[in-house]
Structures are given as structure tokens and as C-alpha cells.
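Dear colleague,

Please find below the structure that I am handing over to you. My notes on it follow directly after it.

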Amino acid sequence: MRLITSVTELADILHQGGVVAYPTEAVWGLGCDPFNAAAVRRILTLKSRPESKGLILVAGAQEELQPWLDILAPEVAERLISRNDTPTSWVVPDTQITPSWVKGDHQSVAIRLSQHEPVKQLCNAFGGVIVSTSANPAGLDPALSADAVAAYFGDNIDAIFDAPLGEASKPSQVRDILTDKLFRD
């Protein structure tokens, strides 16, 4: 596991099926290419997380969300691309875009448009959405530093993005995009 500052190098690792840790708005996350089943399952194994629960995807730009925006009514799609004071992951109905190994047992996927600069840079360099799940094994607190990520996962991940953590006080809230129902505050 290496500390890396180059988003191009990190994107290459993701394209090769690697797993990277990166700072999100509030906690460190683990990410990979969501369309690479082996990479996603590697994260699930690292976290001891059942595939059935599903994972969140994160985007750095509106364009990266286009497949999901195309299936939503314009007024609903506006929620997905809106800027919020609180990081928000939206649960979007999805039966055909996101692979089952990301959605788990759901006919939907949680997606967040991040406003945190390192996440935006990483997604842009990768060229699309990436998996965004907290960097911690099940039952332990999410990592709040690169050192904590290294302590949890050591050489079992391919790289740590050497960039600053955001200033949000807690991980993203999760809301239903159709009803605005709050699933996680």
C-alpha cells in the first residue's frame, strides 16, 4: 500500500481492478470500479460486509451521473445534482444500470454527487462514478486519517490518496430520491 498524490496514478489503479482509500467529506472511504465485480467483492471481503447490503456510488461531476439522470423525471433528477449543505446520497431506482454486486438485494442504488475536491478530482481522472464505502471493517469506527486506514487494511489495499479529509461532521445522509424519506442521518 502506497500514499499517492497523483489522481492519474490512482485512476490507473482503479481501471486495473485495484482498491484505493480516499478522503471523503467526513471519513475515509474505500473505492473501486463499480463495474468490476472482483474489485467490489474485494472491498466487501475487506470490510466483512455482505453483498446483499449494497454500496454507495460517488460522482465528482454531473456528467458522471448521466445514466441515472436519464431515467429520472427532470424535477427528481434535480435532487441528484443539487448542492446540499449536508453531504447527501440519494437512493435512486435502478434495475438496469448498476450491477447487482453493487446494488445488493435492492432494485435501487445510493449515489452521491460529492463537492469534496479530492473526490471530484479522483472521479474525474477515473472518468466516472466509483464505489464509496467507509474505510473500516464491519463493527469498527470509520477511519478518520490515512494512518487509521493503513492500520485497518495495511497492504490489503493498493493505495491511499494523500489528500485532505473534508470538514463535514458525519458521513452522508441517505435519502430516497422519490419521496425524500431519510434512511440514514
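Two rings of Phe, Tyr or Trp, the last taken by its six-membered ring, are counted as a pair if their centres lie within 6.5 Å. By this rule, the predicted model holds 1 aromatic pair. Tyr-152 and Phe-153 form this pair, with 6.0 Å from centre to centre and 65 degrees between the planes. The arrangement is edge-to-face, because planes over 60 degrees apart are classed in that way. Tyr-152 is partly exposed at 27% relative accessible area, whereas Phe-153 is buried at 3%.

Regarding the hydrophobic interior, the largest nonpolar core has 37 residues, of which Leu-65, Leu-80, Val-149 and Ile-157 touch the most other members. Elements that each supply at least two residues include strand E3 (28–31), helix H4 (74–81) and helix H7 (146–153). Helix H2 gives the largest share, 5 residues. A second, separate core comprises 17 residues, among them Ala-11, Val-58, Ile-130 and Phe-161. Leaving aside residues up to four places away in sequence, Leu-65 touches Ala-59, Leu-80, Ile-81, Ile-111, Leu-113 and Val-129.

I turn next to helix H6. Within this helix, residues 117–126, the buried positions are Pro-118, Val-119, Leu-122, Cys-123 and Phe-126. These residues lie on the same side of H6, because they cover an arc of only 125 degrees around the axis. Their cover includes helix H1 (7–15) and strands E2 (20–23), E4 (56–59), E7 (130–134) and E8 (159–161). After H6 comes Gly-127, with a positive phi near 95 degrees.

Yours sincerely

Key:
Residues numbered from 1 in each chain as written. Predicted model: local features only at pLDDT ≥ 70, side-chain atom pairs only at ≥ 80, totals over all residues. Heavy atoms only, no water. Phe/Tyr/Trp six-rings, centres within 6.5 Å; stacked < 30°, edge-to-face > 60°. Buried < 20%, exposed > 50% of the residue type's maximum accessible area, 1.4 Å probe, protein only. Helix = DSSP H or I, 4+ residues; strand = E, 2+ residues; numbered from the N terminus. Arc of directions from axis to C-beta. Contact = heavy atoms within 4.5 Å. Core = buried A, V, L, I, M, F, W, Y, C linked by side-chain atoms within 4.5 Å.
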